[in-house]
Amino acid sequence: KHCQNWEISQRTPEELRAQGILKPASPHQLVSTAMQHSIPTIAYTYNEPVVFYEYMYDTARLASANGIKSVMISSGGISREPMLALAPYMDAIKIDLKGFTQQFYTEFTSGKLEHIQTTIKRLVALGKWIEIVYLVIPTANDKPDTIKAMAEWVVRAAGSHVPVHFTRFHPAFKLQNLPPTPLDTLVTCRAIARAAGLKYVYLGNIPGSEYASTYCPDCGKMVVKRDGYRILSRDIKANGACRFCGRKIEGMW
């Protein structure tokens, strides 16, 4: 109900073609373009990539054979067999954990929380690098007890090193009656998740936020400074260690 990309996801191919937006490209064309422009990674995102699973699979497999990485940005609603087939060709996967109660999933997504939890645990068992995004919606999924339960579950099921991004909600699509997420709410969510044991907790959709950067869990110094999609500084050694204290910073560097 709150899709932030509804202008894309809710349009038909016919509408997109009529507006000159849809430009078909085969997996071979995508990978060839990436190689020509020295693009290191292809991301499957914005519309749910499980919808175009076969296209993603063919592209990621071809990309992997040509030294190009693939990243999947998904709600996690995917069955065991297709996930196992796709996983070898995925280098990182971001899962949108929409909420942490079945009531929320029923009311806002028509999905099942347990299916998403299963996908997360399955990816961890496969040794995949995953990150979790939790869009904080005022009055819907922002209760402190819910945030605490979610963070503790991530620590138990996936590990304390898994990054969790709390992002700011903006009214969209069928959920325009609620206000944007207050900044104080996001800061509180971060504090709760950190207290639960998560080492890398970020805040998103907030331009200029200090909480978009990565901090070393040991010495506390900033090791990656970010502003939106830009990296302003990086103090991580080639071996993935903090330049200040030498602690390993989990991630793909």
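This report walks through the sheets, helix crossings, loops and one pocket of a predicted model.

## The six-stranded sheet

Let us start with the parallel sheet. Six strands make up this open sheet, and their order is S1-S2-S3-S4-S5-S6, with parallel pairing. S1 and S6 sit at the edges, each pairing on one side only. On average, neighbouring strands of this sheet are turned by 20° against each other, with direction ignored.

At the S1 edge, you can follow the pairing residue by residue. S1 covers residues 41-44, and four bridges join S1 to strand S2, residues 69-74, the two running parallel. Thr 41 is a handy place to begin, as Thr 41 stands opposite Lys 69 in S2.

## The three-stranded sheet

A second arrangement to look at is an open sheet of three strands, ordered S7-S8-S9 and paired in antiparallel fashion. Its edge strands are S7 (214-215) and S9 (230-234), and each of them pairs on one side only. As a general reminder, strands of a sheet pair through backbone hydrogen bonds, in either a parallel or an antiparallel way.

Between S8, which spans residues 222-227, and S9 there are four bridges, and these strands run antiparallel. Two contacts help to fix the register by eye: Arg 226 has Ile 231 in S9 as its bridge partner, while Val 224 stands opposite Arg 234 in S9. The hairpin of S8 and S9 has two residues between the strands, and Gly 228 in this hairpin takes a positive phi near 65°.

## Positive phi outside glycine

Which residues other than glycine have a positive phi? Tyr 46 is one of them, with a value near 70°. Tyr 46 is placed in the loop between S1 and helix H4 (53-65), so if you have just traced the parallel sheet from its S1 edge, you can carry on along the chain to find Tyr 46.

Asn 205 is another residue other than glycine with a positive phi, here near 65°. The loop that holds Asn 205 lies between strand S6 (201-204) and S7. S6 is an edge strand of the six-stranded sheet, and S7 is an edge strand of the three-stranded one.

## Two helix crossings

How do H3 and H4 cross? The axes of helix H3 (residues 27-36) and H4 come within 9 Å and cross at roughly 40°. That angle makes H3 oblique to H4. The crossing of H3 and H4 is right-handed.

Further along the chain, helix H8 (residues 144-157) and helix H9 (residues 183-195) offer another pair to inspect. Their axes come within 9 Å, with a crossing angle of roughly 40°, and H8 and H9 are therefore oblique to each other. The crossing of H8 and H9 is right-handed.

## The second largest pocket

Now to the second largest pocket, which holds about 700 Å³ of space. Its lining consists of 20 residues, and those nearest the centre are Leu 16, Leu 22, Asn 47, Phe 52 and Tyr 55. By residue class, the lining divides into 15 nonpolar, two polar and three charged residues.

Which element gives the most to this lining? S1 does, with three residues. Helix H1 (6-9), helix H2 (13-18) and S1 each supply at least two residues of the lining. S1 therefore turns up in two parts of this report, as an edge strand of the parallel sheet and as a contributor to the lining of the second largest pocket.

Technical notes. Residues numbered from 1 in each chain as written. Predicted model: local features only at pLDDT ≥ 70, side-chain atom pairs only at ≥ 80, totals over all residues. Heavy atoms only, no water. Pairing = 2+ DSSP bridges. 1 Å grid on protein atoms, 1.4 Å probe; cavity = no way out; pocket = protein on both sides within 12 Å on 5 of 7 lines; lining within 4 Å. Points joined across faces, edges and corners; volume = space filled by probe spheres on them. Nonpolar A, V, L, I, M, F, W, Y, C, P; charged D, E, K, R; others polar. Axes fitted to C-alpha atoms, helices over the stretch in contact; angles between N-to-C directions. Parallel < 35°, antiparallel > 145°, perpendicular 65-115°, else oblique. Left-handed = near helix turned anticlockwise from the far one by under 90°.
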